[in-house]
Amino acid sequence: MKRVGFIGWRGMVGSVLMERMKAENDFSQMESYFFSTSQTGEAAPQIINAHDKLLSAMDSKELAKMDILVSCQGGDYTTEMFPLLRKEGWNGIWIDAASTLRMKDDSVIVLDPVNRDFIQESLHKGMKNFVGGNCTVSLLLIALHGLFKENLIEWVSSMTYQAASGAGAKNMIELLDQMKSVGTAFAAQPAAGALELEKQMTTLMNSSEFPTTNFGHPLALNVLPWIDSEMPSGQSKEEWKAQVEANKILQTKSIIPIDGTCVRVGALRCHSQGLTIKLKKSAHLSTVEELIRNANPWVKLVSNNKPETLKELTPGAVSGKMHVPIGRLRQMTLGEEYFNAFTIGDQLLWGAAEPLRCVLKQVLQS
Ligand code: NAP
């Protein structure tokens with residue numbers, strides 16, 4: 001059995017990956033070793049075929065004993081440890097959730113429902129680095145897979161509504177702390193009118209006592225229209241990733257432009273996106289619906305009506321679910337080639353953990 005090391009298994013992505021692997025009995029197919037940057041020597045999770053103690057994620061000699069390493073620890077960790085391992089001669093398979101290596105020539109961005117054959121081909125050619133895509137990019141590609149497959153898309157503009165947990169465990173907990181602070185202040189003012197309450201809550205969220213260590217700004221009662229660092233183009237790095245990563249995953253011959261504004265909102269889990277899609281030629285709504293609906297087993301077309309939209313097309317309805325719904329699909333008044341859509345997916349499942357789980361299975365079977 002192959003020795004597989006897991007780093008970052010207790011973070012948001014890592015713990016969802018663990019849940020999915022347990023549910024699918026994946027651990028029976030490997031010998032597992034768990035690494036930590038903060039809890040070396042403590043008990044490892046109780047899992048079939050797993051070593052019982054946590055090993056140090058900073059110990060390259062221990063890491064190098066693995067055939068496969070799966071890291072959900074984050075970009076700083078990858079930047080520090082991955083080059084060191086390769087420099088010291090480790091030749092195993094590296095599977096990663098972080099963005100650090102995605103655009104490197106010797107890395108494949110993995111998204112099983114969309115590029116499984118390319119992943120298989122790359123494995124046969126001896127590629128060693130497999131990286132999950134940006135969460136909103138992966139979810140967009142699963143939702144619009146049918147239109148990309150038919151080469152119908154001229155460009156897409158995506159306006160995102162990204163959940164707090166997309167920024168990691170500490171950030172998600174900070175959103176809850178902010179909400180607790182609001183709830184406590186509200187409970188102390190049972191008789192206040194709406195305008196008075198609005199003034200008090202706005203003062204509270206802009207005060208130094210509001211917990212903002214991780215986000216740097218209030219997210220509860222607010223939206224934050226910037227995610228990740230600044231790029232010279234004026235885009236945020238999250239916005240920049242959409243086009244470069246999607247085209248790399250799709251292996252396009254000429255670039256399909258994808259751009260928009262990425263916004264953090266106070267949802268706990270699941271990223272939503274409002275889409276404007278420009279097709280290369282006019283198409284009937286029914287054709288577009290049919291192509292989207294039948295593209296892969298995970299996309300789910302939601303009829304464009306109020307009751308089904310509000311029941312099925314919200315973060316609350318999609319959280320923890322494997323399917324990727326897309327709805328609000330209609331031709332726009334902008335012209336016959338323009339379509340509007342809204343899609344949501346669990347950014348911790350198909351947006352992060354599931355592509356890693358699928359490529360790990362493919363590697364173990366290769
Ligand atoms: P995360 O939740 O912040 O976890 C990363 C590490 O932080 C954990 O492995 C853990 O390491 C440590 N940690 C510190 N305090 C923690 C706490 N209270 N609970 C859990 N872990 C804690 O990061 P993540 O969101 O999973 O992201 C991991 C990588 O995946 C990043 O590169 C990210 O960009 C990428 N990604 C994230 C998402 C998403 O939706 N979150 C989606 C796609 C890709 P130790 O056990 O070693 O201390």
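**Entry 1: the ligand.** I started at Gly166, where a backbone N or O atom lies 3.4 Å from a nitrogen atom of the ligand. The model I am reading is a predicted one, and I kept that in mind throughout. Next I looked for contacts to oxygen atoms of the ligand. At Met12 I found a backbone N or O atom 2.9 Å from a ligand oxygen. At Gln73 the side chain takes part instead: one of its N or O atoms is 3.0 Å from an oxygen atom of the ligand. I also looked up how well the ligand is covered. On its own the ligand has 880 Å² of accessible area, and the protein covers 80% of that.

**Entry 2: the ligand's surroundings.** Where does the ligand sit? I found it in the largest pocket. I counted the neighbours too, and 24 residues surround the ligand. The closest are Arg10, Val13, Thr37, Ser38 and Ala169. I then sorted the shell by residue type and noted nine nonpolar, 13 polar and two charged residues. Which helices each supply at least two residues of this shell? I wrote down α1 (12-23), α7 (169-187) and α13 (349-365).

**Entry 3: Gly183 in α7.** Since α7 had come up, I stayed with this helix and picked out Gly183, which is placed in it. Gly183 has a relative accessible area of 35%, so I logged it as partly exposed. I also checked a distance from here to Met201, which is 18 residues away along the chain. The two C-alpha atoms are separated by 9.7 Å.

**Entry 4: helix α5.** Is α5 (residues 135-143) largely enclosed or open? I found that nine of its nine residues are buried, so the helix is largely enclosed by the rest of the structure. For your own look at the model, the buried residues of α5 include Cys135, Thr136, Val137 and Ser138. The list carries on with Leu139, Leu140, Leu141, Ile142 and Ala143.

**Entry 5: Thr79 in α3.** I moved on to Thr79, which lies in helix α3 (residues 75-87). A polar atom of the Thr79 side chain is 2.7 Å from the backbone oxygen of Gly75. That sent me to a handy reminder: an α-helix has 3.6 residues a turn, so residues three or four places apart point the same way. I also looked up Thr79 against Ala98, which are 19 residues apart in sequence. From C-alpha to C-alpha they are 9.6 Å apart in space.

**Entry 6: two positive phi values.** I went looking for backbone oddities, remembering that most residues other than glycine have a negative phi. Gln251 has a positive phi, near 55°, and is not a glycine. I located Gln251 in the loop between α9 (237-250) and β9 (258-259). Cys270 is another residue with a positive phi, about 95°, although it is not a glycine. Cys270 lies in the loop between β9 and β10 (271-279). Which of these is buried, and which is partly exposed? Gln251 is partly exposed because its relative accessible area is 42%, while Cys270 counts as buried because its relative accessibility is 0%.

**Entry 7: two more loop residues.** I checked Gln235, in the loop between α8 (194-205) and α9. Gln235 has a relative accessible area of 16%; the cut-off for buried is under 20%, so I marked Gln235 as buried. Its partner for a distance check was Leu250, 15 residues away along the chain, and their C-alpha atoms are separated by 22 Å. Asp106 I found in the loop between β5 (93-96) and β6 (107-110). Asp106 counts as partly exposed because its relative accessibility is 44%. How many residues apart in sequence are Asp106 and Phe339? I noted 233 residues in sequence, and 36 Å in space from C-alpha to C-alpha.

Key
Residues numbered from 1 in each chain as written. Predicted model: local features only at pLDDT ≥ 70, side-chain atom pairs only at ≥ 80, totals over all residues. Heavy atoms only, no water. Near = heavy atom within 4 Å. Polar contact = N/O pair within 3.5 Å; in protein donor to acceptor, adjacent residues only side chain to side chain. Areas by Shrake-Rupley, 256 points an atom, 1.4 Å probe, with all protein chains shown as cover. 1 Å grid on protein atoms, 1.4 Å probe; cavity = no way out; pocket = protein on both sides within 12 Å on 5 of 7 lines; lining within 4 Å. Sits in = over half its atoms within 2 Å of the grid points. Helix = DSSP H or I, 4+ residues; strand = E, 2+ residues; numbered from the N terminus. Nonpolar A, V, L, I, M, F, W, Y, C, P; charged D, E, K, R; others polar. Buried < 20%, exposed > 50% of the residue type's maximum accessible area, 1.4 Å probe, protein only.
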